[in-house]
Amino acid sequence: MIKHTLLAVILMVSHVQATVWTDKDISHAIEQRISRDSMVTGFGLKVTCKDGMVTLRGHVTNLLEKQRAERIAESRKGVRSVLNQVFIDAGPIDDASITASIREAYADDPVFGDQEIKVETSDGLVTLRGEVDLYDIKRLSEFVAAPVIGVRGIDNQITVRPDKSPRSDKEIAAHIKNRFRADIWLTDLYTGIIVKDGNVSLEGSVGSLEQFKRSMEKAWVRGVVSVEATKLKVDPMIKDSSRRAVANPKLSDLEMVDAIKDALAQHSWIVGSNIDVTVKDGVATLNGQVRSLRVKTAVRRTAQNTVGVVRVNDFVTVGKGHINVPDAVVRDRLQRNLKRNFYTSRYSLKTDVD
């Protein structure tokens, strides 16, 4: 019996030792994954790692590839930071055309119909300015601009408007804590939340760089003026206990409904869509009508990312809303979008809309 117990302990120790990633292991794993990723066509990107801090070098042809390489590096266990020094060989740069294309992209997108975003371009580097209602619109503005041909970088200086209904710091802190608790991609909280005059400071440790970034994003709730995380550290030694597959979730069906509705309320392009949410035995059912396919996708993913949700029945439909847009206009917008996009512009695509 003692011999068997000793053997089990040795095997356990060996397993723990095998899961410790060296800098060489990390850099090799990232290089291998980048080389196999179809979205990164840059040849021979070099990855170095020292004390968990990764540096990416090399050349790619567009901003999306550079961003994709960075996300791949961030997802590797053991990575504490990523310095992206990849250079974009975008070819001839026409700043005026880039600016016009991005403005056109915002005009064609139903999410940005009532948002005033100023666009400036210098040598392929795009600067975005303006005020928006919620942080999610600021993030989405980069997502729309990044695929435009010729864009080499984005400086997002868009600010979030102050909330018209002030909230106490205590309310904001409690709201953030509840959002952390309901998110499947975050661990059981290793993070302290300090709020002063609407300014949020996150302290403590998280287990990965992905969790670090997600924590900052989830902290942007109504009433928040700024979010900083200089005292939030990435500690690869923390066990990855994210709640993607929790057998016994800590949220009841009613709490899941509240968590999903709260998450939807953080998306200004979803607000007002009148989404009905019900949950029974962990199965979330969504009903309602939204104004675009992107919003429908965002609603479903929001429910899927909630602790305890085992399946989503998505009955949300895409309607024309209060504006009857002719099929010919939709087709023209779609064709322009395909021509602006770095990946799809190289193909001869025909579109029909009914």
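Two residues are taken to be in contact when heavy atoms of theirs lie within 4.5 Å. By that criterion, in this predicted model, residues 24 or more positions apart account for 69% of the contacts in the protein chain that have a separation of 6 or more. The protein chain comprises ten helices and 13 strands, and 40% of its 354 residues count as buried.

In soluble globular proteins, nonpolar side chains tend to be buried together. In the present model, the largest nonpolar core contains 57 residues, and those with the most contacts inside this core are Ile 30, Val 54, Ile 102, Tyr 106 and Val 200. The element that gives the most to this core is helix 3, spanning residues 63-74, which supplies five residues. Apart from this core lies another, made up of 23 residues, including Ala 182, Ala 259, Ile 275 and Val 277. The surroundings of Val 54 illustrate the larger assembly: when neighbours within four places in sequence are left aside, Val 54 is in contact with Ile 26, Ile 30, Val 47, Thr 48 and Cys 49, as well as with Ala 73, Val 79, Ser 81, Val 82 and Leu 83.

Two packed helices are described by the angle between their axes and the distance between the axes. Helix 2, formed by residues 23-36, packs with helix 3 at an angle of about 140 degrees, and the two axes are 9 Å apart. Angles from 65 to 115 degrees count as roughly perpendicular and those over 145 as roughly antiparallel, and helix 2 and helix 3 are therefore oblique to each other. Their crossing is right-handed. On the side of helix 2 the meeting residues are Ile 30, Arg 33 and Ile 34, and on the side of helix 3 they are Ala 69, Ile 72 and Ala 73. By class, the residues of this contact divide into five nonpolar, no polar and one charged. Ile 30 thus appears both in this helix contact and among the residues with the most contacts inside the largest core, while Ala 73 of helix 3 is also one of the contacts of Val 54.

A further pairing joins helix 4 (residues 95-108) and helix 10 (residues 327-340), which pack at an angle of about 145 degrees with their axes 10 Å apart. Here the crossing is left-handed. Helix 4 contributes Ser 101, Glu 104, Ala 105 and Asp 108 to the contact, and helix 10 contributes Arg 333, Arg 336 and Arg 340. The residues of the contact between helix 4 and helix 10 comprise one nonpolar, one polar and five charged.

Helix 6 (residues 169-182) approaches helix 8 (residues 253-265) such that their axes come within 10 Å and cross at roughly 115 degrees. That angle makes helix 6 roughly perpendicular to helix 8, and the crossing of the two is left-handed. His 175, Arg 179, Arg 181 and Ala 182 of helix 6 meet Glu 255, Ala 259, Asp 262 and Ala 263 of helix 8, a contact with three nonpolar, one polar and four charged residues. Ala 182 and Ala 259, which take part in this contact, are also among the members of the core of 23 residues.

Within helix 6, Arg 179 counts as buried because its relative accessibility is 8%, and the cut-off for burial is under 20%. Not counting residues up to four places away in sequence, Arg 179 touches Glu 217, Lys 218, Trp 220 and Val 221, together with Asp 262, Ala 263 and Gln 266. Ala 219 is placed in the loop between helix 7 (209-218) and strand 10 (226-234), and Ala 219 is buried, with a relative accessible area of 0%. Beyond its neighbours within four places in sequence, Ala 219 is in contact with Ile 176, Phe 180, Val 200, Leu 202, Val 224 and Val 227. The C-alpha atoms of Ala 219 and Val 200 are separated by 7.6 Å, although these residues are 19 residues apart along the chain.

Most residues other than glycine have a negative phi. Asp 123, although not a glycine, has a positive phi of about 55 degrees; Asp 123 is found in the loop between strand 4 (117-122) and strand 5 (125-132) and is partly exposed, with a relative accessible area of 46%. Asp 281, likewise not a glycine, has a positive phi of about 55 degrees. Asp 281 lies in the loop between strand 11 (276-280) and strand 12 (283-290), and at 63% relative accessibility Asp 281 counts as exposed.

Conventions
Residues are numbered from 1 along each chain as its sequence is written. This is a predicted model: local features need pLDDT of at least 70, side-chain atom pairs count only at pLDDT 80 or more; totals for chains, interfaces and linings use all residues. Side-chain values use heavy atoms; hydrogens and water are left out. A nonpolar core is a set of buried Ala, Val, Leu, Ile, Met, Phe, Trp, Tyr and Cys residues joined through side-chain atoms within 4.5 Å. Buried means under 20% relative accessible area, exposed over 50%, partly exposed in between (1.4 Å probe, protein chains only). Helices (H or I, at least four residues) and strands (E, at least two) are DSSP runs, numbered from the N terminus. Axes are lines fitted to C-alpha atoms, for helices over the stretch in contact, and angles run from 0 to 180 degrees between N-to-C directions. Angles under 35 degrees count as roughly parallel, over 145 as roughly antiparallel, 65 to 115 as roughly perpendicular and the rest as oblique. A crossing is left-handed if the near helix is turned anticlockwise from the far one by less than a right angle, and right-handed if clockwise. Ala, Val, Leu, Ile, Met, Phe, Trp, Tyr, Cys and Pro count as nonpolar, Asp, Glu, Lys and Arg as charged, and the others, Gly among them, as polar.
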